[in-house]
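Hi,

Here is the structure I promised to pass on. Have a look at it first, then read my notes below.

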Amino acid sequence: MTASATTTAFSRRGSILHVEEVPLPEVAERFGTPCYVYSRAALTSAYQAYQAALADRAGRPALICYAVKANSNLAILDVFARLGAGFDIVSGGELARVLAAGGDPGKVVFSGVGKSRAEMRQALAAGILCFNVESVPELETLNAVAIELGRQAPVSLRVNPDVDARTHPYISTGLKSAKFGVPFEAALPLYRRAAALPGLTVRGIDCHIGSQLLDPAPAAEAATKIVGLVDALAAEGIVLHHIDLGGGMGIRYRDETVPSVAEYLAPLLAVMRDRQEQLLLEPGRSLVGNAGLLLTRVALLKHGEPKNFAVVDAAMNDLARPALYDAWHEIVKVSDGGTPTPARVYEVVGPICESGDFLGHARELSLAPGDPLAIMSAGAYGMAMSSNYNTRPRAAEVMIDGDRMHLIRRRETLAELFASESLLP
Ligand code: LLP
């Protein structure tokens with residue numbers, strides 16, 4: 001996401017925060033809170049920033065495979081499918097979503113350490129571009145499943161380059177100790193084995209070292225190791241069609257120095273210069289993170305010593321990142337006008353019965369009950385990680401497109417929450 005896309009899609013006009021042409025209080029009024037709000041223009045310009053940065057891979061257009069896990073709403077997938085994106089999926093469920101949204105299965109890569117036989121069959125039947133295989137047992141099972149179906153499964157090995165991505169340990173995946181991928185030293189013999197298995201066609205190679213990366217150096221280091229391996233394979237007659245360098249580019253949540261997409265990709269593209277293989281990327285957060293916010297309302301204020309609490313109607317079930325990673329999301333008032341109440345330092349918390357249910361610590365805000373608030377940079381891993389904890393229906397989702405509001409997911413109802421449960425006989 002470029003700074004300009006963010007500022008044009010989310011702007012304050014007078015005292016009122018707008019998403020594109022729509023004032024946020026209108027969204028809160030019409031659809032209620034909590035509610036995720038996305039900007040189609042911000043999604044589009046984030047995607048176009050990747051396209052522009054990759055444009056001079058002449059002759060071999062790169063394929064941007066949006067990592068569905070970041071935000072899997074059908075309308076979001078639809079926006080990217082219409083822009084020509086491919087998709088990185090990690091489950092049969094995500095594949096079904098991509099197909100339902102009109103995505104091209106021929107542009108789908110399937111990552112994940114625990115693909116089931118049923119998911120393998122489903123993906124083979126759909127005709128996906130490639131399986132990113134993460135272990136020896138998976139290689140063998142996929143071979144067997146493909147033979148059963150009379151097909152050839154296109155494969156890459158996800159190689160773990162043993163590079164430190166220098167990010168939060170929960171979202172760092174490229175070290176030897178991680179559960180992901182096959183060890184770098186094991187890759188050559190495994191490719192030989194894959195090439196010899198009758199149900200598999202070796203297509204490419206894949207790596208993904210972690211998420212919210214602000215420095216491209218570790219990704220470039222990984223890419224260098226990967227192309228070395230590709231050359232060693234070619235010398236043995238195993239020729240790869242594509243190199244998938246994963247996702248991981250970070251976004252600005254607070255005051256981090258964030259490179260532009262072009263700056264982040266430059267060292268990776270330098271490694272890929274003059275290479276014939278197609279380049280694949282799997283960005284998630286950097287396509288959707290700053291294209292969405294979580295709209296909530298102040299339910300009540302609890303002033304006291306030693307802390308003031310602003311209890312809002314969104315909670316950790318709606319946005320788990322603060323509770324899970326101690327992640328920082330900017331929290332702003334939707335309307336800055338009106339009679340000013342004195343600013344205080346608040347713990348912004350949800351109604352859930354856990355001390356970890358917070359959305360922001362020590363935020364200086366002037367608040368009154370009923371005020372709408374926007375929790376920013378919530379487009380990635382927000383709704384996608386939401387739950388029904390405390391039997392809270394999941395939030396609505398709205399896509400803004402110019403001056404139009406589209407309800408892209410209606411708020412869940414209480415009846416839906418236990419519709420699939422039963423009483424004892
Ligand atoms: N490819 C693979 C194989 C992945 O595992 C991931 C993310 C991506 C691509 C996309 O990475 P991105 O471009 O979004 O960084 N829930 C955490 C993030 C988990 C990332 C998991 N894998 C969070 O909220 O920060």
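Let's begin with the largest nonpolar core, which has 123 residues. The members that touch the most others are Leu24, Val27, Tyr66, Phe80, Phe131 and Leu265. Helix α9 (residues 217-235) gives this core its largest share, 9 residues. Both domains chip in too: at least three residues come from domain 1 (3-39 + 289-417), and at least three from domain 2 (40-287). Keep in mind that this is a predicted model.

Which residues does leucine 24 touch, if you skip its neighbours within four places in sequence? Its contacts are Leu17, His18, Val19, Val37, Leu293, Leu295, Val334 and Ala374. There is also another core, apart from the one above, with 6 residues. Among them are Leu63, Cys65, Val109 and Cys130.

Now for the aromatic rings. Searching the whole structure turns up 5 aromatic pairs, and I'll walk you through two of them.

One is tyrosine 47 with phenylalanine 80. Their ring centres are 6.0 Å apart and their planes sit at 40°, so this pair counts as tilted; to be called edge-to-face, the planes would have to be over 60 degrees apart. Tyrosine 47 belongs to helix α3 (residues 40-54) and phenylalanine 80 to helix α4 (residues 74-82), so the pair ties together parts 33 residues apart in sequence. Are these two buried or exposed? Tyrosine 47 and phenylalanine 80 are both buried.

The other is tyrosine 66 with phenylalanine 87. Here the centres are 6.5 Å apart and the planes are at 75°, so the pair is edge-to-face. This one joins strands: tyrosine 66 is in strand β5 (residues 63-67) and phenylalanine 87 in strand β6 (residues 86-89), so parts 21 residues apart in sequence are tied together. Tyrosine 66 has a relative accessible area of 0%, so it is buried. Phenylalanine 87 is also at 0% relative accessibility and counts as buried.

Put these rings on screen together, and you can trace a cluster: ring pairs link Tyr47, Tyr66, Phe80 and Phe87.

Last, look for lysines sitting over rings. Lysine 115 lies over the face of phenylalanine 110, 5.4 Å from the ring centre. Lysine 225 does likewise over the face of phenylalanine 184, at 5.0 Å from the ring centre.

Have fun exploring!

Technical notes: Residues are numbered from 1 along each chain as its sequence is written. This is a predicted model: local features need pLDDT of at least 70, side-chain atom pairs count only at pLDDT 80 or more; totals for chains, interfaces and linings use all residues. Side-chain values use heavy atoms; hydrogens and water are left out. A nonpolar core is a set of buried Ala, Val, Leu, Ile, Met, Phe, Trp, Tyr and Cys residues joined through side-chain atoms within 4.5 Å. Buried means under 20% relative accessible area, exposed over 50%, partly exposed in between (1.4 Å probe, protein chains only). Helices (H or I, at least four residues) and strands (E, at least two) are DSSP runs, numbered from the N terminus. Domain bounds come from an automatic or database domain assignment. Contact means heavy atoms within 4.5 Å. Rings of Phe, Tyr and Trp (its six-membered ring) pair if their centres lie within 6.5 Å; planes under 30 degrees apart count as stacked, over 60 as edge-to-face and the rest as tilted. A charge sits over a ring if NZ of Lys or CZ of Arg is within 6 Å of the ring centre and within 35 degrees of the ring normal.
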